[in-house]
Amino acid sequence: QVQLVESGGGLVQAGGSLRLSCVASGFIFSMNGMGWYRQTPGKQRELVAVITSGGIENYADAVKGRFTVSRDNAKSTVYLQMNSLKPEDTAVYYCYADIADSPRTPYIRRWGQGTQVTVSS
C-alpha cells in the first residue's frame, strides 16, 4: 500500500509563510507528477501547483509569485512553500502523487489526508 502524509498546515497571519510537506511511503517503484490542490467549502476545488518528474513547475494564477512547489525524490516528498499568504488562501490543502508500485503496474494517483491552512487578517 502507498500512503501520503501531509504536515505543515496551521494558522498564520496575512503576509506570513507556511511550508507544507507531503511524504509518500509504501511500495513505490516510481513517481511521476506530484502536486497540490486546495478546497474551500462552497467553492470549486482548485489545482494550486504541480511539478513533473523532470522538475517542471506550474501554478494557478492566484498563487504565482508567492508559492513554490518542489520535490525530493530521495525522500519521496513534495513541498509547497507558501509566502505572502492572503486570507483567500485559507483552505484545506491536499497533496497528490502519481505512483507506480511495480515495473508493470500503471501509475495511480494517491492522495494525502489534507491539512488545514488558515490565514487571518
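Partly exposed, in these legends, means a relative accessible area between the buried limit of under 20% and the exposed limit of over 50% (1.4 Å probe, protein chains only). With that in hand, here are four close-ups of a predicted model.

**View 1. Thr118, a partly exposed residue in a strand.** Thr118 comes out at 28% relative accessibility, so it counts as partly exposed. Its home is strand β11, which covers residues 115–120. What does the side chain of Thr118 make a polar contact with? The partner is the side chain of Gln116, at 3.3 Å.

**View 2. Thr118 and its contacts from elsewhere in the sequence.** Leave out anything up to four places away in sequence, and Thr118 touches Gly10, Leu11, Val12 and Thr90. Take Gly10 from that list: 108 residues separate it from Thr118 along the sequence, yet C-alpha to C-alpha the two are 6.2 Å apart in space.

**View 3. Ser76 and Ser84, two serines with positive phi.** Start with Ser76, which sits in the loop between β7 (67–72) and β8 (77–82). Its phi is near 50°, a positive value in a residue that isn't glycine. Is Ser76 buried or exposed? Buried, because its relative accessibility is 16% and the cut-off for buried is under 20%. Now on to Ser84, found in the loop between β8 and β9 (91–100). Phi of Ser84 is near 50° too, again positive and again in a residue other than glycine. Ser84 has 40% relative accessibility, so this serine counts as partly exposed.

**View 4. The one cavity that makes the cut.** Set the bar at 30 Å³ or more and the structure holds 1 cavity. How much volume does the largest cavity have? About 30 Å³. Rolling a probe the size of a water molecule over the atoms is what shows where empty space is left. Around the largest cavity, the lining is made up of Val2, Ile99, Ala100, Asp101, Thr105, Pro106, Ile108 and Arg110. Which strands each supply at least two residues of that lining? They are β9 and β10, the latter spanning 108–111. Sorted by type, the lining residues split into 5 nonpolar, 1 polar and 2 charged. Asp101 and Arg110 are in the lining, and Asp and Arg both count as charged.

Terms used: Residues are numbered from 1 along each chain as its sequence is written. This is a predicted model: local features need pLDDT of at least 70, side-chain atom pairs count only at pLDDT 80 or more; totals for chains, interfaces and linings use all residues. Side-chain values use heavy atoms; hydrogens and water are left out. Helices (H or I, at least four residues) and strands (E, at least two) are DSSP runs, numbered from the N terminus. Contact means heavy atoms within 4.5 Å. A polar contact is a pair of N or O atoms within 3.5 Å; within protein, one must be able to donate a hydrogen and the other to accept it, and residues adjacent in sequence count only if both atoms are side-chain atoms. On a 1 Å grid over the protein atoms alone, a cavity is a set of points where a 1.4 Å probe fits but cannot get out, and a pocket is an open set with protein on both sides within 12 Å along at least five of seven lines; lining residues have an atom within 4 Å of a point. Grid points are joined across faces, edges and corners, and a volume is the space filled by probe spheres set on the points.
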